[in-house]
Amino acid sequence: EAKWKLFGVHDDLKLSFNAIQVLKERYLIKNEEGEVQETPKAMMKRVALAVAEADRFYGQDVNESFEKFYQLLTSLEFLPNSPTLMNAGTSLGQLSACFVLPVEDSIEGIFNTLRDMAIIHKSGGGTGFNFSMLRPKGDQVSSTGGRASGPVSFMRIFDTATDVVKQGGRRRGANMGILRFNHPDIREFIRAKNQAGFLENFNLSVAITDEEMKRVHQGEKIDLVDPHLQKAVSTVNARELFDLIVESAWKSGEPGLIFLDEINRNNPTPSLGLLEATNPCGEVPLLPYESCNLGSINLSKMSTDGKIDYQKLQRVVFDAVHFLDNIIDINRYPLPIVEKMVKANRKIGLGVMGFADLLCQLGISYYSDQALQIAEQLITFIANEAKLASKELAEQRDVFPNYPKSLHAAKNLPFRNATLISIAPTGTISLIAGCSSGIEPYFALIYRRFVLENTELIEINPLLEKQLKVLKIEEKIRKSIWEKGSLKDIDGIPEHLHSLFLTALEIPPTFQVQIQAVFQKQVDNAVSKTINLPNDATPEDVGQAYFLAHQLGCKGITVYRYQSRESQVLYLGTGE
Ligand code: UDP
């Protein structure tokens with residue numbers, strides 16, 4: 001009732017205040033007067049109907065699939081990425097979150113890509129670019145005899161265009177900007193985001209090879225190579241360059257790293273080219289013009305009586321793979337070349353959210369060996385079931401067209417999809433589902449949000465709320481939890497409760513990297529995870545996390561030191 005009063009939305013799925021507010025602002029269909037035209041349930045119906053339609057192409061039972069998908073969505077056991085929720089069954093119809101575009105070393109090439117980016121952003125997708133082909137600042141431009149301005153200056157144009165083009169008016173586009181470790185402009189790139197307000201629509205990552213990482217370890221030199229002249233222009237100490245990256249990441253969270261060799265060791269179609277870039281949050285390495293649609297299983301719905309319900313999980317994996325494969329056929333692609341690429345490899349990215357919630361339900365602390373074991377069991381099960389599901393689809397619908405050229409064919413594994421698994425940040429869909437995001441630990445146990453000018457909503461972690469009631473924790477103690485946002489150093493909280501509700505800043509960064517690495521082992525795409533560090537962490541802590549991520553076979557790494565930027569997305573607690 002309160003939600004109806006506040007937002008004018010009939011909450012027929014029993015969602016949280018925050019979820020209803022976000023859905024109303026950006027997801028639910030509105031008429032020309034801006035009045036909401038659907039309930040959350042009706043939104044799920046719109047999506048399930050649109051996605052089930054693909055079954056018709058294969059002579060399969062559309063109604064049966066609709067029922068399956070509708071149940072999957074309304075139970076919140078699985079949600080697709082935001083563009084699917086927003087656009088399925090509408091005239092826009094663009095359903096993917098992730099794109100990669102190539103950037104050629106010519107004005108025509110750069111501005112063609114800029115145009116493609118604008119079109120993709122407008123449709124609701126995010127874009128990743130590797131700018132390493134661009135000649136460095138100061139190189140000669142043959143047609144004019146002038147001097148090139150270098151990758152970072154071109155990135156500024158992409159950034160400004162992103163600001164101007166809103167994603168169908170509903171969210172701003174996100175970008176990933178990548179530069180090779182040995183590009184002559186690498187220092188400028190590393191520092192690019194140290195100034196406030198610069199490249200705000202970009203995440204930055206340095207792409208580094210195993211050989212370069214070895215040289216970093218050994219303090220050896222590397223050549224910086226001009227990609228246009230294809231020759232070395234200077235020599236630097238790899239360790240010093242790496243230290244610049246680490247120092248900058250300590251200061252501002254950026255750049256992260258992308259481990260090129262690990263990514264390409266897992267490229268299912270090496271004969272079609274190298275994987276040199278990822279989507280904005282790093283969870284999907286893609287070929288130029290490829291796109292991927294994501295969906296996440298809500299793990300907080302996958303346990304009963306303190307045990308993982310593997311039977312239920314299996315059903316959800318099969319339905320989710322079917323759902324994501326269908327999207328490829330009903331998607332309205334923003335560019336013809338993207339449609340061609342996507343339909344040839346049929347990559348999908350099934351992932352999870354609510355991992356921290358699940359651990360809590362199982363009575364396991366995120367910071368424990370048991371958590372690593374559960375992570376491994378769980379993701380191994382999901383990856384194996386997804387392969388079986390994709391194999392079954394291949395029997396019904398054929399393998400993906402590039403299959404004969406893929407490594408899957410060499411191993412005689414007939415799949416419908418070139419890739420299957422990807423762990424997304426689930427920034428908004430986890431909020432809609434009311435679970436913890438991706439595989440992250442809880443960031444805070446309390447969130448504060450302001451809505452409608454003067455209304456302040458405080459949301460306590462629902463699992464904690466329950467425990468506080470069971471344990472009859474008194475009001476005074478609850479107040480201090482609100483202020484702090486965590487259970488650290490709060491008198492009157494039993495130790496086991498604290499260990500179940502650890503927040504990210506209480507979990508060592510190296511352990512967070514271990515969790516990421518355990519998931520990555522079974523994930524054919526990549527894992528999005530922010531390694532959170534406390535404000536007093538040192539640059540050495542950041543360096544250690546970067547080295548460990550490489551050593552453990554992660555495909556990339558992102559760190560964030562609390563309050564290292566002037567403004568950040570999440571704050572702990574309500575106390576100022
Ligand atoms: N993304 C985007 N703009 C945004 C947020 C996300 O383009 O404001 C894209 C980006 O490619 C990102 C992907 O969506 O890597 C998945 O992000 P997330 O899981 O947070 O999206 P959700 O589906 O929860 O909205």
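In this predicted model, the side chain of Asn279 reaches the ligand through an N or O atom that sits 2.8 Å from one of the ligand's oxygen atoms. Backbone atoms take part as well: an N or O atom of the Thr426 main chain is placed 2.7 Å from a ligand oxygen, and for Thr428 the corresponding backbone distance to an oxygen atom of the ligand is 2.9 Å. On its own, the ligand has 520 Å² of accessible area, and the protein covers 90% of that area.

The surroundings of the ligand comprise 21 residues, of which Ser82, Asn279, Glu283, Thr426 and Gly427 are the closest. Asn279 and Thr426 thus appear both in this closest group and in the contacts described above, Asn279 by way of its side chain and Thr426 by way of its backbone. Sorted by class, the shell holds nine nonpolar residues, nine polar residues and three charged ones.

Turning to the backbone, a few local features may catch the eye of anyone preparing the model for further calculations. Most peptide bonds are trans, and a negative phi is the rule for most residues other than glycine. Against that background, the peptide bond leading from Glu254 into Pro255 is cis, with omega near 5°. Pro255 belongs to the loop that joins α10 (238–252) to β10 (256–259).

Positive phi angles turn up at two non-glycine positions, Arg346 and Lys472. For Arg346 the angle is about 50°, and the residue lies in the loop between α13 (336–345) and β16 (348–353). Lys472 likewise has a phi of about 50°; its loop runs between α18 (462–470) and α19 (475–484). What sets the pair apart is their surroundings: Arg346 is buried, with a relative accessible area of 4%, whereas Lys472 is exposed, at 74%.

Finally, the cysteines deserve a brief look. A disulfide is a covalent bond between the sulfur atoms of two cysteines, and here the count of such bonds is zero. Cys360 takes part in no disulfide, as the nearest cysteine sulfur, belonging to Cys435, is 13 Å away. Seen from the other side, the closest cysteine sulfur to that of Cys435 is the one in Cys360, and because 13 Å is too far for a bond, Cys435 is not paired with Cys360. Both side chains are nonetheless shielded: Cys360 is buried at a relative accessible area of 10%, and Cys435 is buried at 11%.

Notes: Residues are numbered from 1 along each chain as its sequence is written. This is a predicted model: local features need pLDDT of at least 70, side-chain atom pairs count only at pLDDT 80 or more; totals for chains, interfaces and linings use all residues. Side-chain values use heavy atoms; hydrogens and water are left out. A disulfide is a pair of cysteine sulfur atoms within 2.5 Å. Buried means under 20% relative accessible area, exposed over 50%, partly exposed in between (1.4 Å probe, protein chains only). Helices (H or I, at least four residues) and strands (E, at least two) are DSSP runs, numbered from the N terminus. A residue is near a molecule or strand if one of its heavy atoms lies within 4 Å of it. A polar contact is a pair of N or O atoms within 3.5 Å; within protein, one must be able to donate a hydrogen and the other to accept it, and residues adjacent in sequence count only if both atoms are side-chain atoms. Accessible areas come from the Shrake-Rupley method with a 1.4 Å probe; for residues, only the protein chains shown count as cover. Ala, Val, Leu, Ile, Met, Phe, Trp, Tyr, Cys and Pro count as nonpolar, Asp, Glu, Lys and Arg as charged, and the others, Gly among them, as polar.
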